[in-house]
Amino acid sequence: MNPSHLLDVLYLIASVTFVIGLKLLSHPESARRGNRIAAVGMALAIVGTLFLHPSEGEKAAEGTNIKLMIVGIAIGIGTIIGLLAAYRVKMTAMPQMVSIFNGLGGGCAALLAIAELKVQYAAATPLPSGLLLVLFTLFFGAVSFSGSMLAFAKLEELVKDKTLILPRHNVVNLVFIVALVALMGYMTWGVAASQGFNLGILLLVVALIYGVSFVAPIGGADMPVVISVLNSFTGLTAAAAGLIYDNLVMMVGGILVGASGSILTVLMCKAMNRSLLNVLIGSFGGSGTSSKQAEGEQVIKEVTLNDAAVQLYYSQSVVVVPGYGLAVAQAQKVCKELDELLSANGVEVKYAIHPVAGRMPGHMNVLLAEADVPYPKLLDLEDANAVLQHADIAIIVGANDVVNPAAEDDPGSPIYGMPVLKVWDAKHTIVLKRSMRSGYAGIENPLFFHKKTTMLFGDAKDSLQKLVAEVKTL
Amino acid sequence: MDVFLNFLHENLLLIYLLIFSILLGIEVISKVPTVLHTPLMSGANAIHGVVIVGAIIVVLNADPKDVLTLSLGFVAVVMGTLNVVGGFAVTDRMLEMFKKKSK
């Protein structure tokens, strides 16, 4: 039996598991099974490659044991760190985690391309098509790596959104792209083979810098989109690397992720009513000088804990609007406790989830799932807005930009046109907020001055705990 | 024109694969409810970790005395493994929570 034929079968199985896995991942009941099926396929592909891959190149047959040991140790290290990270990370930090893992995939591709570049230039006459593929892999892998690392740093708030923006940042990025494409062209058609590898290192460095520069101007509420874009970049990179080795499982896996990542990106942009280009060019938030800043008296009404508790307890229906603030305060469990107390008194409690609430689409759903909030209680944008029209109270916990009425009526606002949760349709709105600071995107929110709005200042978890205590005394 | 057609002809199956994979990727994802966007992104993220297969091939094909290539390959495999194992594990952890309440 020819081992490489068996490997072909394993790759075929793995490719099918990726498709089935992604398919199952799109339904809540089957999602976990889908993820596991894809993982099994991946394990088959990796183990199969280790033991069944045919030797190519003159020295490939030598020192097999040492090489297997090298790969084995590398996989061991990666597995231990990967598992530790995956099981320790808090659900609130999920976007950062995904970003890091994504970057590492890109980094893996970039290093692979560097090694492969050496092989290509060692050949007597390097093929342009082969070189182009390697350079493409190197470029996208590097951009994905450094871009994801910056995205991580921004989400973790190690880097502030505005620190890395240069004047005329768009022009700078354009120059980067032109330079990189020119360099790749030169390396493919113009360069002497002896120079090629060194230029490859130069390409790596410039691409790494470009990755940072690419993500730098994007911030605030746009971070989920960037993560998704970088995710599809890494997918494309994997597919290109698959072409280098004529490796079908890499191609299928890479293209699937590239395509699905792009679609997910488009869906997210739609949820914010902006074009992808608009997001990528960036400079969102901060620069937005709202036209309605100083219009008449801005009066804020505060509400006492006792009043808020009474209002909530004796209402018919309450809609909770959770945002990232809830996540930061780790308040999802207390939120659920309040929900139970109110429900016991016959109040109908629902949760309104904006598609881009939190810092990753669907992030809120994950956090509320962690607190055991039943699935049917979570409403998406359209359903939530329908329910809000008849709701007695909308209670906003740490959300800001997704409940900003400026998106509807202030053309000067940077988020004008973004579909929002119309909490002002409810009879009454209670906003739980730490302070009057503007949201993550740095935009003024007229909701806080709305006549139906009352504010309850304090840490989200703290306020919710006090509310729970108050409700219990009623 | 001839060059282009010849290229198409020689790589016909690959091009079929490319186009159908793209369509499949789009088709599979476009009906996903927002609830699942985070786990989906994280799951897809683990799948592109398949690039590790390429990193393993780099090491296997290397000259055993070529320390540079072996080191590059070693680091690449570590990174790829992190992507794969971490990605699948973290997705599984998220989805576990969805399962509890779908009872």
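Which of the elements of chain B has the lowest mean pLDDT, and which the highest? The lowest mean, 81, belongs to helix α1 of chain B, residues 2-10, and the highest, 93, to helix α4 of chain B, residues 52-61.

**Confidence of the model**

The structure described here is a predicted model. Its scores are ipTM 0.91 and pTM 0.82. Over chain B the pLDDT averages 86, and 95% of the residues of this chain reach a score of at least 70. Where pLDDT is low, predicted coordinates should not be read in detail.

**Domains**

Both chains have a domain assignment, which gives domain 1 and domain 2 in chain A and likewise domain 1 and domain 2 in chain B. The table sets out the bounds of these domains together with the separation of their centres, taken over C-alpha atoms.

| Chain | Domain 1 | Domain 2 | Separation of centres |
|---|---|---|---|
| Chain A | residues 94-284 | residues 305-473 | 37 Å |
| Chain B | residues 1-31 | residues 33-103 | 25 Å |

**A helix pair in chain A**

Two packed helices are described by the angle between their axes and the distance between the axes. In chain A, helix α11 (residues 305-313) packs with helix α17 (residues 460-473) at an angle of about 65 degrees, and their axes are 9 Å apart. Angles of 65 to 115 degrees count as roughly perpendicular, and α11(A) and α17(A) are therefore described as roughly perpendicular to each other. The crossing of α11(A) and α17(A) is right-handed.

Which residues form the contact of these two helices? From α11(A) come A:L305, A:N306, A:A308, A:A309, A:L312 and A:Y313, and these meet A:K466, A:L467, A:E470 and A:V471 of α17(A). Sorted by class, the contact of α11(A) with α17(A) comprises seven nonpolar residues, one polar residue and two charged residues.

**The contact of chain B with chain A**

How many residues of chain B are in contact with chain A? There are 75 of them, and they are in contact with 95 residues of chain A. On the side of chain B that touches chain A, the elements that give two or more residues are α2 (12-29), α3 (37-47), α4 and α5 (67-101) of chain B. Helix α5(B) provides the largest share of this side, with 32 residues. By class, the residues of chain B on the side that touches chain A divide into 45 nonpolar, 22 polar and eight charged.

Helix α4 of chain B thus appears twice in this account: it has the highest mean pLDDT among the elements of chain B, and it is one of the elements giving two or more residues to the side that touches chain A.

Technical notes:
Residues are numbered from 1 along each chain as its sequence is written. Chains are lettered from A and ligands numbered from 1 in the order in which they are written. This is a predicted model: local features need pLDDT of at least 70, side-chain atom pairs count only at pLDDT 80 or more; totals for chains, interfaces and linings use all residues. pLDDT is the predictor's confidence in each residue, from 0 to 100. Helices (H or I, at least four residues) and strands (E, at least two) are DSSP runs, numbered from the N terminus. Domain bounds come from an automatic or database domain assignment. Axes are lines fitted to C-alpha atoms, for helices over the stretch in contact, and angles run from 0 to 180 degrees between N-to-C directions. Angles under 35 degrees count as roughly parallel, over 145 as roughly antiparallel, 65 to 115 as roughly perpendicular and the rest as oblique. A crossing is left-handed if the near helix is turned anticlockwise from the far one by less than a right angle, and right-handed if clockwise. Two residues are in contact if their C-beta atoms, placed from the backbone, lie within 7 Å. Ala, Val, Leu, Ile, Met, Phe, Trp, Tyr, Cys and Pro count as nonpolar, Asp, Glu, Lys and Arg as charged, and the others, Gly among them, as polar.
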